[in-house]
Amino acid sequence: MSLSTSNETMKVLLVEDNPGDARLIREILREAFPDQLDLTSVERLAEAMVGLADDTIDVILLDLSLPDASGLETIIKMHKAALNLPIVILTGHEDEQLALQALREGAQDYLHKHNLDSHLLKRVLRYAVERKRTSQAQRESEERFRVLVQYSTDIITILAADGTVLYESPSLEVVMGYKPEAVQGLNMANFIHPDDLPSLLDAIQTILDQP
C-alpha cells in the first residue's frame, strides 16, 4: 500500500454505477482529502477487477448494487479478487443483516450513503487502511517466523500447558530421528527420564507464571 502518513496520497477505487451517487461521493472524498486523493471511478464490478491491476490502490469503496453483480455476490467476488485490500461497502439500503453478512465476507466497514460526510469517510478510510496494514504486517511476521523455524537446525517445540506436544520443528527428525508428526499430541513426559521430569515441570510452571 502506498499510504503511510496523513500527508500521503490516498488512492481510492470507487465502484458505483449511479451517476448522482458517484458524483456526490467524489465530492465528499475530495473534501476529505483535498490534496491527497488519487481517485479511480468505475461503474461495473468487471471494470473494478481490471483496476485491481494497479497494486498501489489503498482502499476500495464498493456499492452492492451494480449492473453485473448485486448483494453479497458483489462483496464475495471483490474480496476474492482483492484479498489484501480493505473494502468499504457503500449502500443506500438500511439492512443490518446484509451489513453483518458483508462484514463476514471480508468487508472492512459498511456505510449508508445518506449518512456520508467528509469527516466520517476520512476516518473510516484511514482506519480501514491502517487495520489492513496491521494485518499484513502480522502475516509477514508470522511468515518470517515460519521460515525461521522451518530451516532452523535447533529443535523447536511448542507445548500445551499440560506438556502435550503441539508442534515440533522439522529438525527433530535430523537430530533425533523422530518425524515431527509422530510425536505431536503426545505428552513431553514420555520423552523425559523420570529423574528429570520434576525439573521440566517446574520450568514449564515458571514460564506459565510469568506475566
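**Exercise 1. Find the residue in β6 that is the bridge partner of I60, then work out how strand β3 sits among its neighbours.**

Solution. This is a predicted model, so keep that in mind throughout.

Step 1: Start at I60 and look across to β6; the bridge partner there is I87.

Step 2: Zoom out to the whole strands. β3 and β6 (residues 87-91) pair in the parallel sense, with 4 bridges between them.

Step 3: Now try β1 (residues 10-15). β1 also pairs with β3 in the parallel sense, over 4 bridges. Here L14 stands opposite L61 of β3.

Step 4: Check how covered β3 (residues 59-63) is. The count is 5 buried residues out of 5. Split them by face: V59, L61 and D63 are on one side, I60 and L62 on the other, and both faces are covered.

**Exercise 2. Describe how helices α1 and α5 pack, and say which residues make the contact.**

Solution. Two numbers set the scene: packed helices are described by the angle between their axes and the distance between those axes.

Step 1: For α1 (residues 19-32) and α5 (residues 118-151), the angle is about 75° and the axes are 8 Å apart.

Step 2: Put a word to the angle. Angles of 65 to 115 degrees count as roughly perpendicular, so α1 is roughly perpendicular to α5.

Step 3: List who touches whom. α1 brings I28, L29, E31 and A32, while α5 brings S118, L121, K122 and L125.

Step 4: Sort them by class: 5 nonpolar, 1 polar and 2 charged residues.

**Exercise 3. Place L39 in its strand and list its contacts beyond four places in sequence.**

Solution. Step 1: L39 belongs to strand β2 (residues 37-42).

Step 2: Leave out residues up to four places away in sequence, and L39 touches V12, L14, R26, L29 and R30. You've met two of these already: L14 is the residue opposite L61, and L29 takes part in the contact of α1 with α5.

Step 3: For a sense of distance, take G51. G51 is 12 residues from L39 in sequence, and their C-alpha atoms are 11 Å apart in space.

**Exercise 4. Decide whether S171 is buried or exposed, and find what its side chain reaches.**

Solution. Step 1: Find S171 in helix α6 (residues 171-176).

Step 2: Buried means under 20% relative accessible area. S171 has 6% relative accessibility, so S171 counts as buried.

Step 3: Follow the side chain of S171 to the backbone oxygen of D154, at 2.6 Å.

Step 4: Fill in the surroundings. Not counting residues up to four places away in sequence, S171 touches S152, T153, D154, I155 and I156.

Note on methods:
Residues are numbered from 1 along each chain as its sequence is written. This is a predicted model: local features need pLDDT of at least 70, side-chain atom pairs count only at pLDDT 80 or more; totals for chains, interfaces and linings use all residues. Side-chain values use heavy atoms; hydrogens and water are left out. Axes are lines fitted to C-alpha atoms, for helices over the stretch in contact, and angles run from 0 to 180 degrees between N-to-C directions. Helices (H or I, at least four residues) and strands (E, at least two) are DSSP runs, numbered from the N terminus. Angles under 35 degrees count as roughly parallel, over 145 as roughly antiparallel, 65 to 115 as roughly perpendicular and the rest as oblique. Contact means heavy atoms within 4.5 Å. Ala, Val, Leu, Ile, Met, Phe, Trp, Tyr, Cys and Pro count as nonpolar, Asp, Glu, Lys and Arg as charged, and the others, Gly among them, as polar. Buried means under 20% relative accessible area, exposed over 50%, partly exposed in between (1.4 Å probe, protein chains only). A polar contact is a pair of N or O atoms within 3.5 Å; within protein, one must be able to donate a hydrogen and the other to accept it, and residues adjacent in sequence count only if both atoms are side-chain atoms. Two strands pair if DSSP finds at least two bridges between them.
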